[in-house]
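Welcome! Open your viewer, get the selection tool ready, and let's walk through this protein together.

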Amino acid sequence: MTDDGIQTIRCNIEAVEGFKFPLNETFNLEVEIDNVKYEFRIHLKDNSDKLLILPTGKLAKNTHNRNKPIFQRENWYFEESTIHINDPTLYINDEIKAGWMIGTKNNWYLKTIAEIIKKIADNLFKYDVENQYGNIIIYGSTISAFEAIMLSILIKNSTSITEMPYLEVFRTNQRALLNHIFTGMSIQQIHEKYGYRLNVTELIQKEQYIPKIFTFIDYTVNEQYNNDFIAFIKQITQLPFIKSKNENRIIVELDSKKQGQKQLLKPWQLREIIANIHKIRDKNYYDSSTIQREKIKQQDEKLEQYETKLKKQIQEITKNNKEIEMYKTELNQHIEQIQQNNEEIQQYQKELQQQKQEITKNNKEIQQYKQKQENIIQTQEETIQKQQQTIQNQTKKIEENTKKTQKQENEIKIQKQTIENKQHMLKIQQKRNKNQQTTIQYYQQKHGLKQKILPYIYIMLKSKQKITSIKLYKKLKNNTYFNIGYYLNKNKDIKNTKKWTHKLTPLTHYITFGIDEKRKPNPQQKTIVEDKKTLLRKLNQQKTKIKY
């Protein structure tokens, strides 16, 4: 339900043709296809045999809510059933004031709208092949006139009533369409690929069909209108597919209101034209002899139809008489067969009586056997009950034993886990002891004055970042961040080389080469320091020594 209290019906395009739409009341129809919402305001009248289509052209005001559909001329009254069309192109961007129902590069909205209108018409009317959509009238002026003519090409046999129609989209400034629909394309590229969407003549040539157009042109308003329409008529007459049997379907009424601006039809004028549109289009409408000949022709056609039906009925009656004779013969044969069957039935009845006597005798014997079997079954049931009780007792014992076994298994799992944890801790402790032992062995060696001075000299010679390396060496010299035992055990190439254990220190190797080679300084270090400056900054930020 909309804000103005109008009912909204939502369905897919497949359901439109079979949907039971309300009559004699206004409602909105929404049909969503490929994430595009096609919206219509519809008023269907049970006493109308025409369907009037009113498309939306250019927006007159910027104050309209662009998130809601726009139905132009929705307040005009008509005797006919009406469908007002909202142009989904206006939703693409607020800069677009006239959408021409172009849609997007991959989706021509006007074609989809034509298909939906045809399905609505097929829902409302029962058409013959020759007059399908002949009761559809499409009205528009200027831009909406362009849309009306394009729809009348796609909805063949319909009639468009137009005023001062545009016949080509890009005859006016359409910068908004270039910016938001045909982005990155030139006018020439657009016409080469999408010309049939933009030009009435190109769509006529593509569809091989000239629509029924009744148009009004005030030749005093704008000379460009006149030139465009004259060029359009010339193009139509020069199309190669036009044959002699195709009479002119386009009627142009030229007028001179001399108002200096466009004077469009008033609602009452449009209603009068719609009521008489078929009279206007039929050249022989007022010829009584033509009407009489048409009536005689229709009567002759009906007479021929009746004669054809009568011949068919006579043929069917003759055929039925033959079938009746055949049925009589078959019936006599069936009567003889029935008599024969009656004799056989009497014989069967005698045999059946004998079988009944034997069955009675057998029933008595069966009853005796049944009593014996019941006694045996009762004895077996008592035995089974005792066995079931024994099984239940055994089951309880098994369940108790199972619970004990599960408890023992859980205790064993806990013990195993405890042992594994202890073994893991023992391994960790062994590694720590090994690192501590290596550290102690290193410090038990004699370290002279050279070993205190040489590292600084070596670092100054070998290191690129000399000042940072010296500062880092001093910072790590008495910091547990660097674990001597771990570093020597982890790096056998240093431990087995006296250069780093007697002449120089392991820390000298870490500062000079280890950091760049991504070697770990302690067992707890998970992430490798990327450079010396980062490590020095982290050590300076810590107020206390790092403990590992």
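Begin by selecting helix α16, residues 506-514. Of its 9 residues, 8 are buried, so the rest of the structure largely encloses this helix. To see which ones, colour Pro506, Leu507, Thr508, His509, Tyr510, Ile511, Thr512 and Gly514: these are the buried residues of α16. Keep in mind as you look around that the model is predicted.

**Step back for the whole view**

Now show the full chain. You are looking at a protein with 17 helices and 9 strands. How many of its 548 residues count as buried, as a percentage? The figure is 36%. If you switch on a surface display, the accessible surface adds up to about 36800 Å², and carbon and sulfur atoms own 49% of that. Contacts also tell you about the fold: among those with a separation of 6 or more, 65% join residues that are 24 or more positions apart.

**The largest pocket**

Next, select Thr439, Phe482, Asn483, Ile484 and Tyr486. The largest pocket has a volume of about 970 Å³, and of the 32 residues lining it, these five are the closest to its centre: Thr439, Phe482, Asn483, Ile484 and Tyr486. Which elements give two or more residues to this lining? They are α10 (288-444), α11 (449-462), α12 (466-477), α13 (484-490) and your starting point, α16 (506-514). Give α10 its own colour, since this helix contributes the most, with 9 residues. Sorted by class, the lining holds 12 nonpolar, 13 polar and 7 charged residues.

**A proline in a loop**

From here, move to proline 523, in the loop between α16 and α17 (532-541). Is this proline buried, partly exposed or exposed? With a relative accessibility of 36%, proline 523 counts as partly exposed. Now show its contacts: apart from neighbours within four places in sequence, proline 523 touches Asn483 and Tyr486. Both of those belong to the group closest to the pocket centre. Try the distance tool on phenylalanine 482 as well: the C-alpha atoms of proline 523 and phenylalanine 482 are 9.7 Å apart in space, while 41 residues separate the two in sequence.

**Two residues with positive phi**

Select threonine 142, in the loop between β6 (136-141) and α3. Its phi is near 50 degrees, a positive value in a residue that is not glycine. Threonine 142 counts as buried, because its relative accessibility is 14% and the cut-off for buried is under 20%.

Then follow the chain through α3 to asparagine 157, which sits in the loop between α3 and β7 (159-163). Asparagine 157 is another non-glycine residue with a positive phi, about 85 degrees. This asparagine counts as buried too, at 18% relative accessibility.

**Last stop: helix α5**

Finally, select residues 187-198, which form α5. What would a straight helix of 12 residues span, at 1.5 Å a residue? The answer is 16 Å, yet α5 spans only 11 Å between its end C-alpha atoms. Colour Ile190, His191, Tyr194, Gly195, Arg197 and Leu198 to pick out the buried residues of this helix. To find what covers them, show α3 (143-154), α4 (175-180) and α6 (200-207), which are among the covering elements.

Notes:
Residues numbered from 1 in each chain as written. Predicted model: local features only at pLDDT ≥ 70, side-chain atom pairs only at ≥ 80, totals over all residues. Heavy atoms only, no water. Helix = DSSP H or I, 4+ residues; strand = E, 2+ residues; numbered from the N terminus. Expected span 1.5 Å × (residues − 1). Buried < 20%, exposed > 50% of the residue type's maximum accessible area, 1.4 Å probe, protein only. Contact = heavy atoms within 4.5 Å. 1 Å grid on protein atoms, 1.4 Å probe; cavity = no way out; pocket = protein on both sides within 12 Å on 5 of 7 lines; lining within 4 Å. Points joined across faces, edges and corners; volume = space filled by probe spheres on them. Nonpolar A, V, L, I, M, F, W, Y, C, P; charged D, E, K, R; others polar. Areas by Shrake-Rupley, 256 points an atom, 1.4 Å probe, with all protein chains shown as cover.
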